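Work through the exercises below with the structure open. Each task is followed by a solution in steps.

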Amino acid sequence: QVHLVESGGGLVQAGGSLRLSCAASGRTFSSYTMGWFRQAPGKAREFVATISGSGANTYYADSVKGRFTASRDNAKEMGYLQMNSLRLEDTAVYYCALRFSVAIGATFHTADEYNFWGQGTQVTVSS
(Lines give C-alpha, C1' and ligand atoms only; values in the text may rest on other atoms or scores of the structure.)
Protein backbone atom coordinates (compact mmCIF):
# COMPACT_ATOMS: atom_id res chain seq x y z
CA GLN A 1 0.00 0.00 0.00
CA VAL A 2 1.17 3.51 -0.83
CA HIS A 3 0.53 6.39 1.53
CA LEU A 4 0.55 9.99 0.30
CA VAL A 5 0.45 13.19 2.31
CA GLU A 6 0.16 16.63 0.72
CA SER A 7 1.22 19.85 2.36
CA GLY A 8 1.94 23.45 1.46
CA GLY A 9 -1.52 24.73 0.71
CA GLY A 10 -2.82 27.98 2.09
CA LEU A 11 -4.15 31.42 1.35
CA VAL A 12 -2.30 33.56 -1.16
CA GLN A 13 -3.05 36.72 -3.08
CA ALA A 14 -3.52 36.64 -6.80
CA GLY A 15 -0.17 36.78 -8.54
CA GLY A 16 1.55 35.04 -5.66
CA SER A 17 3.21 31.65 -5.39
CA LEU A 18 2.90 28.46 -3.41
CA ARG A 19 4.76 25.18 -3.46
CA LEU A 20 2.87 22.02 -2.71
CA SER A 21 4.65 18.94 -1.45
CA CYS A 22 3.62 15.32 -1.58
CA ALA A 23 5.34 12.81 0.69
CA ALA A 24 5.10 9.18 -0.35
CA SER A 25 5.81 5.96 1.49
CA GLY A 26 5.26 2.27 1.04
CA ARG A 27 6.71 1.39 -2.37
CA THR A 28 9.60 2.14 -4.70
CA PHE A 29 8.76 5.74 -5.42
CA SER A 30 10.63 5.97 -8.71
CA SER A 31 8.41 3.24 -10.17
CA TYR A 32 5.40 5.50 -9.92
CA THR A 33 4.21 8.30 -12.14
CA MET A 34 2.91 11.20 -10.07
CA GLY A 35 -0.10 13.27 -10.98
CA TRP A 36 -1.53 16.45 -9.55
CA PHE A 37 -5.24 17.14 -9.68
CA ARG A 38 -7.55 19.73 -8.22
CA GLN A 39 -11.19 20.05 -7.38
CA ALA A 40 -13.02 23.33 -6.89
CA PRO A 41 -16.38 23.48 -5.08
CA GLY A 42 -19.17 22.20 -7.27
CA LYS A 43 -16.79 21.10 -10.00
CA ALA A 44 -15.34 17.81 -11.10
CA ARG A 45 -11.78 16.84 -10.26
CA GLU A 46 -9.48 18.05 -13.02
CA PHE A 47 -5.99 17.18 -14.16
CA VAL A 48 -3.27 19.72 -13.41
CA ALA A 49 0.12 18.12 -14.04
CA THR A 50 1.98 14.86 -14.21
CA ILE A 51 5.61 13.84 -13.91
CA SER A 52 7.06 10.49 -14.88
CA GLY A 53 8.80 8.18 -12.43
CA SER A 54 12.21 9.21 -13.70
CA GLY A 55 11.28 12.88 -13.56
CA ALA A 56 12.31 13.31 -17.18
CA ASN A 57 8.83 13.88 -18.58
CA THR A 58 6.12 16.27 -17.52
CA TYR A 59 2.79 17.32 -18.93
CA TYR A 60 0.48 20.14 -17.91
CA ALA A 61 -3.08 21.22 -18.33
CA ASP A 62 -3.34 24.20 -20.65
CA SER A 63 -4.77 26.29 -17.81
CA VAL A 64 -1.55 26.02 -15.77
CA LYS A 65 1.08 25.65 -18.47
CA GLY A 66 3.89 28.15 -18.00
CA ARG A 67 2.80 28.91 -14.42
CA PHE A 68 3.05 25.56 -12.62
CA THR A 69 6.02 23.21 -12.49
CA ALA A 70 5.99 19.62 -11.28
CA SER A 71 9.16 18.08 -9.92
CA ARG A 72 10.21 15.19 -7.74
CA ASP A 73 13.07 13.97 -5.58
CA ASN A 74 13.08 10.19 -5.74
CA ALA A 75 15.75 9.84 -3.08
CA LYS A 76 13.50 11.68 -0.64
CA GLU A 77 10.28 10.14 -2.01
CA MET A 78 8.85 13.60 -2.48
CA GLY A 79 6.90 15.29 -5.23
CA TYR A 80 6.39 19.01 -5.65
CA LEU A 81 4.12 21.39 -7.49
CA GLN A 82 5.47 24.91 -7.77
CA MET A 83 2.62 27.29 -8.52
CA ASN A 84 3.41 30.80 -9.70
CA SER A 85 1.26 33.68 -10.92
CA LEU A 86 -1.71 32.24 -9.09
CA ARG A 87 -5.17 33.26 -10.22
CA LEU A 88 -8.53 33.29 -8.49
CA GLU A 89 -9.59 30.33 -10.61
CA ASP A 90 -6.74 28.23 -9.19
CA THR A 91 -8.63 28.04 -5.89
CA ALA A 92 -9.30 24.36 -5.18
CA VAL A 93 -8.33 21.36 -3.14
CA TYR A 94 -5.17 19.93 -4.69
CA TYR A 95 -4.40 16.23 -4.67
CA CYS A 96 -1.33 14.24 -5.53
CA ALA A 97 -1.69 10.74 -6.89
CA LEU A 98 0.55 7.85 -7.90
CA ARG A 99 0.29 5.17 -10.51
CA PHE A 100 2.72 2.31 -10.97
CA SER A 101 4.38 2.20 -14.37
CA VAL A 102 6.96 -0.17 -15.80
CA ALA A 103 7.85 2.59 -18.25
CA ILE A 104 9.60 5.14 -16.07
CA GLY A 105 9.03 7.82 -18.68
CA ALA A 106 5.28 7.44 -18.82
CA THR A 107 2.82 10.16 -17.90
CA PHE A 108 -0.91 9.81 -17.28
CA HIS A 109 -3.48 12.53 -17.57
CA THR A 110 -6.75 11.22 -16.18
CA ALA A 111 -7.80 10.53 -12.60
CA ASP A 112 -8.98 7.01 -13.43
CA GLU A 113 -5.43 6.02 -14.31
CA TYR A 114 -4.16 6.62 -10.77
CA ASN A 115 -4.37 4.11 -7.96
CA PHE A 116 -3.24 5.99 -4.88
CA TRP A 117 -4.36 9.40 -3.64
CA GLY A 118 -3.49 11.82 -0.92
CA GLN A 119 -6.04 13.55 1.29
CA GLY A 120 -5.71 16.89 -0.47
CA THR A 121 -4.57 20.36 0.55
CA GLN A 122 -6.59 23.55 0.17
CA VAL A 123 -5.29 26.37 -1.99
CA THR A 124 -7.20 29.64 -1.83
CA VAL A 125 -6.29 32.57 -4.04
CA SER A 126 -7.70 35.92 -3.01
CA SER A 127 -8.00 39.18 -4.91
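**Exercise 1. An aromatic pair**

Task: In this predicted model, is F100 buried, partly exposed or exposed, and how is the ring of F100 set against that of Y32?

Solution.
- Start with accessibility. F100 has 43% relative accessibility, so it counts as partly exposed. The cut-offs explain the label: buried means under 20%, and exposed means over 50%.
- Now take the partner. Y32 comes out at 7% relative accessibility and therefore counts as buried.
- Count the pairs. A search of the whole structure gives nine aromatic pairs.
- Check the geometry of this one. The ring centres of Y32 and F100 are 5.6 Å apart, and the planes meet at 75°, so the pair is edge-to-face.
- Place the residues. Y32 belongs to strand β4 (residues 32-39) and F100 to strand β9 (residues 92-100), so the contact ties together parts 68 residues apart in sequence.

**Exercise 2. A second pair and a cluster**

Task: Classify the ring pair of Y114 and W117, then find which residues the ring pairs link into a cluster.

Solution.
- The centres of the Y114 and W117 rings lie 6.3 Å apart with planes at 70°, so this pair is edge-to-face. The cut-off for that class is over 60 degrees.
- Y114 counts as buried because its relative accessibility is 5%.
- W117 has 26% relative accessibility, so it counts as partly exposed.
- Both residues sit in a cluster linked by ring pairs, together with F37, F47, Y59, Y95 and F108.

**Exercise 3. A four-stranded sheet**

Task: What is the strand order in the open sheet of four strands, and which strands form its edges?

Solution.
- The order reads β1-β3-β8-β7, and the pairing is antiparallel.
- β1 (3-7) and β7 (68-73) are the edge strands, each pairing on one side only.
- From one strand to the next, the twist averages 15°.
- Go inside the sheet. β3 (residues 18-25) and β8 (residues 78-83) form an antiparallel pair with six bridges. In this register, L18 faces M83 of β8.
- Move to the edge. β7 and β8 are also antiparallel over six bridges. Here R72 has G79 of β8 as its bridge partner.
- Inspect the turn. The β7-β8 hairpin has four residues between its strands, and E77 takes a positive phi near 55°.
- Sort the faces of β7. In a regular strand, side chains alternate between the two faces of the sheet. F68, A70 and R72 make up the covered face of β7, while T69, S71 and D73 make up the uncovered one.

**Exercise 4. The cavity**

Task: How many cavities of 30 Å³ or more does the whole structure hold, and which residues line the largest?

Solution.
- The search finds one cavity of 30 Å³ or more.
- The largest cavity has a volume of about 40 Å³.
- Its lining consists of V2, A24, S25, G26, R27, T28, F29, Y32, E77 and L98.
- Divide the lining by type: five residues are nonpolar, three polar and two charged.
- Link back to earlier exercises. Y32, the buried member of the first ring pair, is one of the lining residues. So are E77 of the hairpin and A24.
- Look at A24. This residue lies in strand β3. Its relative accessibility is 11%, so A24 counts as buried.
- Finish with a distance. A24 and L86 are 62 residues apart along the chain, and their C-alpha atoms are separated by 26 Å.

Key. Residues numbered from 1 in each chain as written. Predicted model: local features only at pLDDT ≥ 70, side-chain atom pairs only at ≥ 80, totals over all residues. Heavy atoms only, no water. Pairing = 2+ DSSP bridges. Helix = DSSP H or I, 4+ residues; strand = E, 2+ residues; numbered from the N terminus. Axes fitted to C-alpha atoms, helices over the stretch in contact; angles between N-to-C directions. Buried < 20%, exposed > 50% of the residue type's maximum accessible area, 1.4 Å probe, protein only. 1 Å grid on protein atoms, 1.4 Å probe; cavity = no way out; pocket = protein on both sides within 12 Å on 5 of 7 lines; lining within 4 Å. Points joined across faces, edges and corners; volume = space filled by probe spheres on them. Nonpolar A, V, L, I, M, F, W, Y, C, P; charged D, E, K, R; others polar. Phe/Tyr/Trp six-rings, centres within 6.5 Å; stacked < 30°, edge-to-face > 60°.
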